[in-house]
Amino acid sequence: MYGRDPWGGPLEINATDSATDDDRSRNLQDLDRAAHSRPLDETQQSWLLGPGEQKKKKKYVDLGCIIVSRKIFVWTVGTLLVSGLLAGFITLIVKTVPRHHHRHPPPDNYTLALHKALMFFNAQRSGKLPKHNNVSWRRNSCLQDGKSDPSVLMKDLVGGYYDAGDAIKFNFPKSFAMTMLSWSVIEYSAKYEAAGELNHVKEIIKWGTDYLLKTFNNTADTIDRIAAQVGVGDTSGDSTTPNDHYCWMRPEDIDYPRPVYECHSCSDLAAEMAAALASASIVFKDNKAYSQKLVHGARTLFTFARNQRGRYSAGGSDPALFYNSSSYWDEFVWGGAWLYYATGNSSYLQLATHPKLAKHAGAFWGGPDYGVLSWDNKLAGAQVLLSRLRLFLSPGYPYEEILSTFHNQTSIFMCSFLPFFTSFNRTKGGLIQLNHGRPQPLQYVVNAAFLAALYSDYLDAADTPGWYCGPNFYSTDVLREFAKTQIDYILGKNPRKMSYVVGFGNHYPKRVHHRGASIPKNNIKYSCKGGWKWRDSTKPNPNTLVGAMVAGPDRHDGFHDVRTNYNYTEPTLAGNAGLVAALVALSGDKSTGIDKNTIFSAVPPMFPTPPPPPAPWKP
């Protein structure tokens, strides 16, 4: 007979089995142990444990794309809610608690002086003034320039800048001033921007270059003349003919003839004008049409300079009395370098680095004025400008020999600026005598300060800590300190405690040699000789010529604030341009440094592009 094992297994019962009850009991116990050794499914466990002892089931949450434990889901949502509330609370605290703003440090003296120095150019504007000129005592003036002289080809010579305290418009120093301003913008546009003066200085440059474009046929490829000067200043021989030096009149009231001086062989002037337009083309490179117009004009002028050799001030002309040019070879190097940067045409670089050109410019013979940059001699500026090319692009052969020479010569005249050497004397107050004690020293000092600060920044940008003067090594900080001490002297750190920049500080010249500033704006027109009473007055000028750097002290640190003595009190365009350049170089944070690349925008790669690799071989 067969029965069923209660655990589901078959159980055979034999009726004839003679086993005893004890044996059956032992057999059942063995079966119990065997059954318990097998894993039980959920149903079997429910039979044994009953309904009250069943294992609790986990609960889940169906999120559609995934099923997660309800416990984990609750914890996750709770954590997110608490985190959101905490973040919102922190944000609320941050927004409601008063903030302590960190104020920017006040502008340094160089930046403050920069604002004022640029205003001088606004006061010197000729022609129809823009509405935002911001010089209350100036109005439109000399609107007939060019038209009143029937002998000249260029009839519209309205605009530009008056050179100094008179109303003459000299192209030669004006072009140098525009070149210096453009150079400073190319190198330090970030500093101009930080000072809030970038647009202002670009307007100043454009006012100058717009006028220069009027003084020759700028649409032609070849020219035969330049309008070099408007107005006359010669008063020799006790001449009483009304002109810009004999008369003392506001420019707005001028009623005497203003002749135009044309030149037909003026290499120095044409090459300097080319430098001005070429450098400005880099400043305005974002204005493509205007930049190309400037480049075309610069090319035309430089071709004229090379083809029609001669000095613009030769032959005892009126310019020779005031801005006599000693040579045109330095302008060839200077203008060629700027045209190379503006165009990338290597023919200009070949010319600027030609050994014979450098020799004629005086690069190898030294002299008492060696290394002194001025409106007359640009060699020092050209040497620094071309040293830049070697430092950052290193063009190699065939330029390396002369570029290396220029670089070494730059190092030499930088050494001459330092107080450890005796190339130039200094006043007891510390002003370097770059013009060897002659009058009007400051225009040379500011140019040297600019070159020193700039060259220091070049070396820093090239990761060069300094340079050698003979066996001694000097850090770039020494050069910068030289520039600072000279500009600090000009701004008032001198024995007289006088600022030589009008409007800067509390003690500055009040009787500047300047017609417009010395005659009151009182709706009275003073005649040619009627204005002499204002020239000879000992009273301070009724109008402040803000930003004008006067000619400066003598070699004993002495200064006479006398209107009639122009060797002390007359400002000039060229002098103020050097001042602006030096101030922006020293202003703001030293770490800003120069713009290494903008000047090379048009320069092609120094080395030819390697040929492409050959096509893969195919069997």
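**Group meeting talk: a walk through one predicted chain**

Let me begin at one residue, E570, which touches A164, G165, D166, H513, M549, V550 and A551 once we leave out residues up to four places away in sequence. Please keep in mind throughout that what we have on the screen is a predicted model.

If you look for E570 along the chain, you will find it in the loop between α19, residues 566–569, and α20, residues 573–586. Is E570 buried or exposed? Its relative accessibility is 16%, and because the cut-off for buried is under 20%, E570 counts as buried. Its side chain also has a polar partner in the backbone, since a polar atom of that side chain lies 3.0 Å from the backbone nitrogen of G165, and G165 is, as you heard, one of the residues that E570 touches.

I chose E570 as a starting point with the annotation in mind. Which positions does UniProt place under the feature "active site"? The entry, which is unreviewed, gives H513, D561 and E570, and I would ask you to treat that with some care, as such annotations may be inferred rather than shown by experiment. These positions are spread over 58 residues of sequence, and yet they cluster in space, with a largest C-alpha distance of 10.2 Å. From this set, E570 is part of the lining of the largest cavity.

Let us move to H513, which sits in the loop between α16, residues 476–490, and α17, residues 515–518. With a relative accessibility of 10%, H513 counts as buried, because buried means under 20%. What does H513 contact, leaving aside its neighbours within four places in sequence? The residues are G165, W248, R563, T564, Y566, T569, E570 and P571, and you will notice that G165 also appears among the residues touched by E570. A polar atom of the H513 side chain lies 2.7 Å from the backbone oxygen of R563.

Now please turn the model to helix α5, residues 171–195, where the geometry deserves a slower look. A straight helix of 25 residues would span 36 Å, at 1.5 Å a residue, whereas α5 spans only 29 Å between its end C-alpha atoms. Where is the kink in this helix centred? It is centred on Y188, and the kink is of about 90°. The helix is also mostly covered, with 21 of its 25 residues buried, and just after it G196 takes a positive phi of about 75°.

That brings me to some backbone details, for which one piece of background is useful: most residues other than glycine have a negative phi, and most peptide bonds are trans. In the loop between α13, residues 379–392, and α14, residues 400–417, we find P398, and the peptide bond from Y397 to P398 is cis, with omega near 5°. The loop between α13 and α14 also holds S394, whose phi is near 45°, a positive value in a residue other than glycine. S394 is partly exposed, with a relative accessible area of 39%. Further along, in the loop between α14 and α15, residues 442–461, lies Q440, where phi is near 60° and so again positive in a residue other than glycine; Q440 is partly exposed as well, at a relative accessible area of 25%.

My last stop is D318, in helix α9, residues 318–322, which counts as buried at 15% relative accessibility. How far apart are D318 and G233, in sequence and in space? They are separated by 85 residues in sequence, while their C-alpha atoms are 7.1 Å apart. Not counting residues up to four places away in sequence, D318 touches Q229, G231, V232, G233 and D234. The side chains of D318 and Q229 are joined by a polar contact of 2.7 Å, and a polar atom of the D318 side chain lies 3.4 Å from the backbone nitrogen of G233.

Let me finish by stepping back to the whole chain, which has 20 helices and nine strands. Of its 619 residues, 50% count as buried, and among contacts between residues at least 6 apart in sequence, 73% join residues at least 24 apart. The pair D318 and G233, 85 residues apart in sequence and listed as touching, is one example to keep in mind when you look at the model again.

Technical notes. Residues are numbered from 1 along each chain as its sequence is written. This is a predicted model: local features need pLDDT of at least 70, side-chain atom pairs count only at pLDDT 80 or more; totals for chains, interfaces and linings use all residues. Side-chain values use heavy atoms; hydrogens and water are left out. On a 1 Å grid over the protein atoms alone, a cavity is a set of points where a 1.4 Å probe fits but cannot get out, and a pocket is an open set with protein on both sides within 12 Å along at least five of seven lines; lining residues have an atom within 4 Å of a point. Helices (H or I, at least four residues) and strands (E, at least two) are DSSP runs, numbered from the N terminus. Buried means under 20% relative accessible area, exposed over 50%, partly exposed in between (1.4 Å probe, protein chains only). Contact means heavy atoms within 4.5 Å. A polar contact is a pair of N or O atoms within 3.5 Å; within protein, one must be able to donate a hydrogen and the other to accept it, and residues adjacent in sequence count only if both atoms are side-chain atoms. The expected span of a helix is 1.5 Å times one less than its number of residues. The bend at a residue is the angle between axes fitted to the seven residues ending there and the seven starting there.
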